[in-house]
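Biologist: I should be grateful for a guided reading of this structure, feature by feature. Please give the general idea each time and then the case at hand.

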Amino acid sequence: PDLPLIYRIIAESRIRKGYPVTMNFDDFRQLFDDFPGIYKIFSVRDEQKLAAVTVAVQINQNILYYFLPAHQAQYHTYSPMV
């Protein structure tokens, strides 16, 4: 996945909503390096353009934790996270 783009979408979405950006890009990338297969990225696309992304954490076989949901501003009216 394009981690810089995904991080940018997450950071911009949090700033737009007034939430703090609690992780810098290097720490974000490190999650995927340190825990391969545990952190997963899911996306919603409008053809090739990313409309929304989320990072999920595989806690165990039965639990997938929805973490860092975000969407691009122009897709807000479509509720892409739903």
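Modeller: Let us begin with a definition: a polar contact is a pair of N or O atoms within 3.5 Å, and within protein one of them must be able to donate a hydrogen and the other to accept it. In this predicted model, such a contact is found at the N-terminal end of α2, which is capped by N24. A side-chain oxygen of N24 lies 3.1 Å from the backbone nitrogen of D26.

Biologist: Before relying on such a distance, I would consult the confidence. What is the mean pLDDT of the protein chain, and where is the confidence lowest and highest?

Modeller: The general caution is that predicted coordinates should not be read in detail where pLDDT is low. Here the mean pLDDT of the protein chain is 94, and 100% of its residues reach 70 or more. Helix α2, residues 25-34, has the highest confidence, at 97, whereas β3 has the lowest, at a mean of 94.

Biologist: How should I read burial in that helix, and which residues of α2 are buried?

Modeller: A residue counts as buried when its relative accessible area is under 20%. In α2 the buried residues are F28, L31 and F32. They line one face of the helix, because they fall within an arc of 90 degrees when seen down the axis of α2.

Biologist: Against which elements do the buried residues of α2 pack?

Modeller: Their packing partners are α1 (3-17), β1 (39-46), β2 (49-60) and β3.

Biologist: Some of these residues carry rings. How many aromatic pairs are there, and which residues form the aromatic cluster?

Modeller: Rings of Phe, Tyr and Trp pair if their centres lie within 6.5 Å. By this rule there are 8 aromatic pairs. One of them joins F35 and Y39, whose ring centres are 6.0 Å apart; their planes stand at 45 degrees, so the pair is tilted. As for the cluster, Y7, F25, F28, F32, F35, Y39, Y65 and F67 form one.

Biologist: Are F35 and Y39 buried or partly exposed?

Modeller: F35 is partly exposed, because its relative accessible area is 43%. Y39, at 18% relative accessibility, counts as buried.

Biologist: Let us turn to the strands. How many bridges join β1 to β2, and how many pair β2 with β3?

Modeller: Two strands pair if at least two bridges are found between them. β1 and β2 run antiparallel and are joined by 8 bridges; V44, for example, has A52 in β2 as its bridge partner. β2 and β3 also pair in the antiparallel sense, over 7 bridges, with V53 opposite A70 in β3.

Biologist: How many residues lie between the strands of each hairpin?

Modeller: The hairpin of β1 and β2 has 2 residues between its strands, and in its turn E47 shows a positive phi of about 60 degrees. The hairpin that joins β2 to β3 does so through 2 residues.

Biologist: Positive phi deserves attention. What is the phi of L68, and what is that of S79?

Modeller: L68, in strand β3, has a phi near 60 degrees, a positive value in a residue other than glycine. L68 counts as buried, because its relative accessibility is 12%. S79, in the segment after β3, has a positive phi near 50 degrees. S79 is partly exposed, with a relative accessible area of 40%.

Biologist: Finally, how does one read contacts between residues distant in sequence? Which residues does V21 touch, and which does Q72 touch?

Modeller: One sets aside neighbours up to four places away and lists what remains. V21, in the loop between α1 and α2, is then in contact with Y7, A11, R14 and I15. V21 and A11 are 10 residues apart along the chain, while their C-alpha atoms are separated by 5.9 Å. V21 is partly exposed, at 35% relative accessible area.

Q72 belongs to the segment after β3 (63-71) and touches I9, R16, K49, L50 and A51. With a relative accessibility of 11%, Q72 counts as buried.

Conventions:
Residues are numbered from 1 along each chain as its sequence is written. This is a predicted model: local features need pLDDT of at least 70, side-chain atom pairs count only at pLDDT 80 or more; totals for chains, interfaces and linings use all residues. Side-chain values use heavy atoms; hydrogens and water are left out. Helices (H or I, at least four residues) and strands (E, at least two) are DSSP runs, numbered from the N terminus. Buried means under 20% relative accessible area, exposed over 50%, partly exposed in between (1.4 Å probe, protein chains only). Contact means heavy atoms within 4.5 Å. pLDDT is the predictor's confidence in each residue, from 0 to 100. The arc is that of the directions from the helix axis to the C-beta atoms. Rings of Phe, Tyr and Trp (its six-membered ring) pair if their centres lie within 6.5 Å; planes under 30 degrees apart count as stacked, over 60 as edge-to-face and the rest as tilted.
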